[in-house]
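Me: I'd like a close look at one part of this protein, and then a walk outward from there into the rest of the fold. Here is what I'm looking at.

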Amino acid sequence: MSFQSFDDPAGGADHPARLAQLRARLAADGLDGFIVPRADAHQGEYVADADARLAWLTGFTGSAGFAIVTPDRAGVFIDGRYRVQVKAQVDLDHFTPVPWPDTRPSDWLRDALPAGGRLGFDPWLHTRQEIETLEKALADSGIGLIAVDPNPLDLVWPDRPAPPVGRARAHDDAVAGETSAAKRARLAALLREEGQAAALLTLPDSISWLLNIRGSDVPKNPIVQSFAVLSDDGHLALFADPAKFDDSLRARLGNEVAILHPDGLAPALLDLEGPVRIDPASAPEAAFRLLESAGTQIARATDPAILPKARKNAAELDGMRAAHGRDGVAMVRLLAWLDAQDPATLTEIDVVEKLESLRRDAGITDISFDTICGAGPNGAIVHYRVTRATNRRLARGEVLLIDSGGQYPDGTTDITRTLPLGDPLPEAVGPYTAVLRGMIAISRARFPKGVAGAHLDALARQYLWTQGLDYDHGTGHGVGAALCVHEGPARISRASTLALEAGMILSNEPGYYRENAFGIRIENLVAITEAPAEPGRTMLGFETLTLCPIDRRLIDIAALSRDEVDWLDAYHARVREALSPHLDEDTRNWLDQATRPLDVSHNRKNAEPAD
């Protein structure tokens with residue numbers, strides 16, 4: 001059985017007919033427009049089938065974006081990662097891709113709706129911050145935002161799947177590094193310190209981390225879909241389908257955790273005594289409205305679990321290191337196997353299935369996201385997901401991009417490697433080398449405490465910029481420890497102002513994409529660690545967790561500085577030492593060749609002295 005499906009989740013659907021049905025429903029409800037987000041009530045990037053409203057309506061399956069439907073327009077708002085993908089997935093005669101955030105929804109709406117227009121939204125699917133931002137931007141337009149219940153799209157979705165009831169399981173305290181009781185006591189103390197009687201938790205990964213549980217509600221993300229109310233005495237009310245929890249897990253959670261049906265959340269919010277801590281950036285607008293209707297005092301503040309979860313403890317870091325060791329063995333076995341094949345005998349699906357089988361051998365419980373395996377022009381689709389309809393046969397002279405990861409009992413992995421099929425493609429050498437140099441620059445960075453991801457992002461882009469090139473995604477996202485592969489709030493991005501801290505785990509993944517030609521991305525996961533510094537100063541740096549050779553055939557070695565060569569040679573020596581004992585002889589021989597020191601005997605154009 002495969003973890004990854006190659007069926008098109010929106011394939012074969014009559015999306016224009018669905019759009020017409022939604023418009024008819026909006027007209028009957030007296031609405032001039034409606035927002036259809038990608039998110040669910042938990043603001044999850046990955047959603048259950050029951051919450052895949054955007055894909056059902058439009059056919060677009062990216063992990064970010066939204067649509068706005070009016071009587072004569074249907075805009076699908078997507079960021080730079082999806083500008084190629086959206087054109088391939090939506091019916092362009094009925095849906096119009098809108099570059100976002102270049103085009104603000106408020107500007108689009110001012111043009112699409114008349115003054116006095118009524119724009120509907122589902123208050124469970126949008127955060128308070130999101131609604132406040134849109135209301136402010138539309139303040140003098142005459143356009144009104146109307147919270148609607150039930151969701152009109154749900155009313156025209158006749159075969160909408162039921163909500164998931166995946167089995168919940170315990171997450172080993174030894175791997176977590178702290179008991180749930182200790183975590184709850186720590187956060188309860190924070191609430192008392194800040195004068196808050198309770199906190200509403202709406203992010204399932206925060207709740208799963210806090211309770212040391214994992215789930216199977218959403219494929220590839222081991223979370224339990226739920227809401228929770230944490231009281232200042234450490235007691236917690238968990239709003240999740242009770243069928244997910246067996247007797248042993250209930251006993252493990254103990255008497256301080258009450259498991260209640262999700263239908264009980266709204267009444268519970270109406271009965272809470274404040275101040276209630278609630279995060280406007282992640283909690284649904286509906287939750288704010290319920291508390292406000294009861295006159296409950298609200299304390300607007302970040303989810304109290306989000307930063308403690310991001311700061312991995314020693315046990316979590318050890319688990320991540322162990323998982324990356326096993327994952328590295330699977331990746332090396334794949335790359336050695338690929339090099340032994342005639343590319344023309346393989347398709348993208350063949351590569352995905354082979355990698356999944358090798359990760360199964362390494363002990364995964366699931367993959368951490370659908371594998372991105374793009375050959376040639378498919379590699380230029382940043383979040384490409386191969387289906388049976390798009391499956392491309394590999395060909396010599398092309399570039400293959402593989403972005404993948406695994407969920408292990410003790411850690412989560414995410415790795416991208418780009419490799420030539422046959423002789424290196426000449427036009428890919430310059431961009432590949434620039435991407436590699438940017439990845440090395442992040443890997444080698446040292447920075448003072450207080451620096452944010454926005455301060456580091458340019459390090460990864462500098463060599464692309466000198467060639468007039470760039471990429472339309474962030475350089476790095478946070479990663480959970482045996483949790484979600486995309487985890488907030490830390491990231492390396494021009495938009496990130498959050499100070500980076502020791503223990504956070506990030507991806508390091510610059511890239512370059514040439515539409516209809518090829519894609520390049522090189523990605524390792526890194527943990528933030530303390531670095532040597534003068535007395536009285538705290539400096540931070542990165543420990544690379546990923547263990548896998550970086551393909552050298554597309555490198556312009558003459559463009560590398562001596563420090564960059566030294567870093568890559570040292571990294572490859574570490575990979576070879578860590579993985580060789582776990583490989584068969586043929587694969588070990590392949591690894592020896594793939595990790596041998598770079599040949600810098602010829603004259604380098606850009607040689608630099610060592611620091």
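Does Asp 51 count as buried or exposed, and why?

Reply: Asp 51 counts as buried, because its relative accessibility is 13%, and the cut-off for buried is under 20%. Keep in mind that this is a predicted model. Asp 51 sits in the loop that runs between strand S1 (33–37) and helix H2 (53–58). Leaving out residues up to four places away in sequence, Asp 51 touches Arg 38, Asp 40, Arg 160 and Gln 225.

As for how far to trust the model, the average pLDDT is 95, and 97% of the residues score at least 70. The stretch to watch is 602–611, where pLDDT is below 50; the model still gives this stretch 24 contacts beyond near neighbours in sequence. Where pLDDT is low, the predicted coordinates should not be read in detail.

Now for the nonpolar interior. In soluble globular proteins, nonpolar side chains tend to be buried together. Here the largest nonpolar core has 89 residues, and Leu 338, Leu 400, Ile 402, Phe 447, Phe 542 and Ile 550 have the most contacts inside it. Helix H14 (residues 314–339) gives the most to this core, nine residues. A second, separate core has 26 residues, among them Leu 210, Ile 213, Ile 259 and Cys 484. Back in the largest core, take Phe 447: setting aside residues up to four places away in sequence, its contacts include Leu 456, Leu 500, Ile 528, Met 539 and Phe 542.

Ile 402, another of those core residues, leads us to a sheet. Ile 402 is in S17 and has Cys 373 opposite. Strand S17 (residues 399–404) is joined to S16 by four bridges, and the two run antiparallel. The open sheet has three strands in the order S16-S17-S20, with antiparallel pairing. Strand S16 (372–375) and strand S20 (415–420) are the edges, each pairing on one side only. On average, neighbouring strands in this sheet are turned by 10° against each other, direction ignored.

One more pair is worth a stop. Strand S25 (residues 511–514) pairs with S26 in the antiparallel sense over four bridges, and Arg 514 stands opposite Phe 518 in S26. The two strands make a hairpin with three residues between them, and Asn 516 in the turn has a positive phi of about 65°. Strand S26 (residues 518–521) is covered on both faces: Phe 518 and Ile 520 are buried on one side, Gly 519 and Arg 521 on the other.

Note on methods
Residues numbered from 1 in each chain as written. Predicted model: local features only at pLDDT ≥ 70, side-chain atom pairs only at ≥ 80, totals over all residues. Heavy atoms only, no water. Buried < 20%, exposed > 50% of the residue type's maximum accessible area, 1.4 Å probe, protein only. Pairing = 2+ DSSP bridges. Core = buried A, V, L, I, M, F, W, Y, C linked by side-chain atoms within 4.5 Å. Contact = heavy atoms within 4.5 Å. pLDDT = per-residue confidence, 0-100. Axes fitted to C-alpha atoms, helices over the stretch in contact; angles between N-to-C directions.
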